[in-house]
Amino acid sequence: MATIKIPPVLRASVGGEKEVGASGGNVGEVLRALATSHPATEGQLFSADGELNRYVNVYLNDEDVRVLDGLDTAVREGDTLVILPAMAGGD
Amino acid sequence: MSPSGAELLRRVKSQIAEVDPSEVKELIGEGVAIVDVRGSEEFATGHLPGAKSIPRGHLESRIEGAAPDRSAEVILYCASGSRSAYAARTLQEDLGYDHVRSMTGGITLWKDRGYEVEIPRALSPEQRDRYSRHLLIPEIGAEGQQKLLDAKVLLLGAGGLGSPTALYLAAAGVGTLGIVDDDVVDLSNLQRQVIHDSSRIGVPKVDSAEESIRALNPDVNVVKYQTRIDASNIVEIIEGYDVIVDGVDNFPTRYLLNDASVRLKIPVVSASILGFDGQLSVFKPYEGPCYRCLFREPPPAELAPSCGANGVLGVLPGTMGLLQATEVVKLILGIGEPAIGRLLLYDALGATLTEVKVHRDPECPICSRDPEEITDEELGVFPDYEAFCAAAG
């Protein structure tokens, strides 16, 4: 089981939680598990062709999965995934 | 019998290594720590180029600021070579510095040889008082304070993030603060925008901010831009600034600022806030990633609450704005480890700070290219964002 940190804009889609647990052997599987248990997140995470949306960054622990193996990056028990869409509030 | 002063000096000199001014002259600018152990008034009358001032009475407590590595070479000097000899023995015997030498004949011999002397611009007595807590920190001192006074920092927005940033940078003595904001003060701003006050509702934010800054520190020159930054004016506005503080509330301006600042190679200290969460990073062109390396594309409107008014804990822009101000000061002084290549995520409710790595994107449409290749037409371009925001109402 990995822990997924949910950004503010997605929290409404997971019942207001800041962290959600999900299982899977790699980043893609964990995120798919999240989308299955919280369907409202699916369109926000994945594009129609099943790829991660370009405006969503995902970090395994503190590393950007784009410099690892992307959605194929292996996830171990106890790892943390950070989902991070860009945020522009400043006012 | 106790030795005479002259005898003691002879003994001390026999226990330490000395160096002739001609050799020191060759070492200037080579990364060797050169420390002036005279009093600060003597230092102010002129010193060796690049020398750090640590009066002998403060040697033990401040030397690590100038020479943190005890195995590295350190050269001490004073007026004639006596005080620096005692100081060298202290560093060698008591603090374990391995390669410390005292300059023969001090700055008097240095000057007799006709070598270059740097005369620091002196802080006024009032400035010495005002910035005294900076002057006491070895990493800042009079030299660092002068850097702050010479620095030009541009704040995009005198709102939630810009308010605390501007106030603290002004207090710190940043000499020029440019402020870009086309808005006027509204009652709903005052829950967080602490540079404004209840008597200034309806007043342009740039004017209100200027008034607060002037009242806090008359050393600061405020340059006001009562306008919205866009592709037509951005280069003209940001050119010449040393650091830019990005606190803008929308993606188009963030991308525009990124592209223009990369082209002009100006570092941007960026933060954003929403609800109880904040993000911060420093984008230093060509040394670290840029905003486009971090976020290739802006999110669609439904995931981008920047399009309209959103709730935010009033204290949060204070926290994030002051983290920004801290990064600005570090960049100006060249100290510490700025948050380059790192994104800090602050969760106010959880009281946690998480950090993730940000890498330069070798395919970045902007910073993978030379600055002169970035054209005016490309600045801030990305897919249909304004249409998204318009659709979101």
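The following exercises, each with a worked solution, concern a two-chain model and its contact, one sheet and one helix pair.

The model is predicted, so local features need pLDDT of at least 70 and side-chain atom pairs count only at pLDDT 80 or more, while totals for chains, interfaces and linings use all residues. Residues are numbered from 1 along each chain as its sequence is written, and chains are lettered from A and ligands numbered from 1 in the order in which they are written.

**Exercise 1.** Determine how many residues each chain gives to the contact, and which elements of chain A supply them.

*Solution.* Residues are in contact if their C-beta atoms, placed from the backbone, lie within 7 Å. On this basis, chain A gives 19 residues and chain B gives 33 residues. Next, at least two residues of the side of chain A that touches chain B come from each of helix 1 (8–11), strand 4 (63–64) and strand 5 (80–85) of chain A. Helices (H or I, at least four residues) and strands (E, at least two) are DSSP runs, numbered from the N terminus.

**Exercise 2.** Establish the strand order of the open sheet in chain A and identify its edges.

*Solution.* Strands pair if DSSP finds at least two bridges between them. The five strands of the open sheet in chain A follow the order 2-1-5-3-4, with mixed pairing. Strand 2 (19–22) and strand 4 of chain A each have a single partner strand, so they stand at the edges and one side of each lacks a neighbour in the sheet. Within the sheet, strand 1 (residues 2–5) and strand 5 of chain A run parallel, joined by three bridges. A:Thr3 faces A:Thr80 of strand 5 of chain A.

**Exercise 3.** Describe how helix 1 (residues 5–15) and helix 5 (residues 83–94) of chain B meet.

*Solution.* First, their axes come within 9 Å and cross at roughly 50°; axes are lines fitted to C-alpha atoms, for helices over the stretch in contact, and angles run from 0 to 180 degrees between N-to-C directions. Angles under 35 degrees count as roughly parallel, over 145 as roughly antiparallel, 65 to 115 as roughly perpendicular and the rest as oblique. Helix 1 and helix 5 of chain B are therefore oblique to each other. Lastly, B:Leu9, B:Val12, B:Lys13 and B:Gln15 of helix 1 of chain B meet B:Ala85, B:Tyr86 and B:Arg89 of helix 5 of chain B.
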